[in-house]
Amino acid sequence: MGIFDDLALSTSKNNNTYQNFWNWFEIHAQEFYEIIKSGNQVEERFINVFAPELTKVEPEVFFLVGIEDDQKAELIFTPDGRIQNVLWAEKLANSAPEIPNWKFRALKPASQ
């Protein structure tokens with residue numbers, strides 16, 4: 001197997017892993033949305049459940065979550081300053097399905 005075969009196999013494996021992750025997320029999306037929107041026990045009921053699942057997929061990608069003005073939950077994947085992990089944050093966000101009440105993006109927007 002050559003280097004391009006290895007890369008194709010790795011990409012295929014990641015795509016399947018991302019699909020499994022998003023399938024899992026879709027099952028819990030409405031519950032997670034309600035937790036984040038309420039602001040009650042977000043750490044216990046969302047972060048402590050979501051973070052281990054994200055770590056299984058991309059251990060070097062972190063996340064931020066909150067509710068935007070339009071009442072959609074926004075989940076931002078970030079490499080937290082690790083330039084080499086920008087690609088994985090972008091691939092994860094770009095593989096997200098359309099889910100009602102949710103927005104997904106890679107990389108934190110610039111702050112003032």
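I began with the contacts of Thr78 in this predicted model, and, leaving aside its neighbours within four places in sequence, I found Thr78 in contact with Val61, Phe62, Phe63, Ala89 and Lys108. Thr78 belongs to strand 2, and I noted that Thr78 counts as buried because its relative accessibility is 6%, where the cut-off for buried is under 20%.

Next I looked up Pro79, which lies in the loop between strand 2 and helix 3. Is Pro79 buried or exposed? Its relative accessibility is 5%, so I entered Pro79 as buried. Not counting residues up to four places away in sequence, Pro79 touches Glu60, Phe62, Asn85, Val86, Ala89 and Leu107. I also checked the pair Pro79 and Glu90, which are eleven residues apart along the chain, and their C-alpha atoms are separated by 9.4 Å.

I then turned to the largest nonpolar core, which has 26 residues, and wrote down those that touch the most other members: Trp22, Phe25, Phe46, Phe50, Leu75, Phe77 and Trp102. Two or more residues of this core come from each of helix 1 (3–38), helix 2 (42–57), strand 2 (73–78), helix 3 (86–94) and strand 3 (102–106). Which element gives the largest share of this core? Helix 1 does, with ten residues.

Last, I followed one of those core residues, Trp102, and, not counting residues up to four places away in sequence, I listed its contacts as Phe25, Ala29, Phe32, Tyr33, Ile36, Val65, Lys72, Ala73 and Leu75. Among these partners of Trp102, I had already entered Phe25 and Leu75 with the core residues that touch the most other members.

Methods. Residues are numbered from 1 along each chain as its sequence is written. This is a predicted model: local features need pLDDT of at least 70, side-chain atom pairs count only at pLDDT 80 or more; totals for chains, interfaces and linings use all residues. Side-chain values use heavy atoms; hydrogens and water are left out. A nonpolar core is a set of buried Ala, Val, Leu, Ile, Met, Phe, Trp, Tyr and Cys residues joined through side-chain atoms within 4.5 Å. Buried means under 20% relative accessible area, exposed over 50%, partly exposed in between (1.4 Å probe, protein chains only). Helices (H or I, at least four residues) and strands (E, at least two) are DSSP runs, numbered from the N terminus. Contact means heavy atoms within 4.5 Å.
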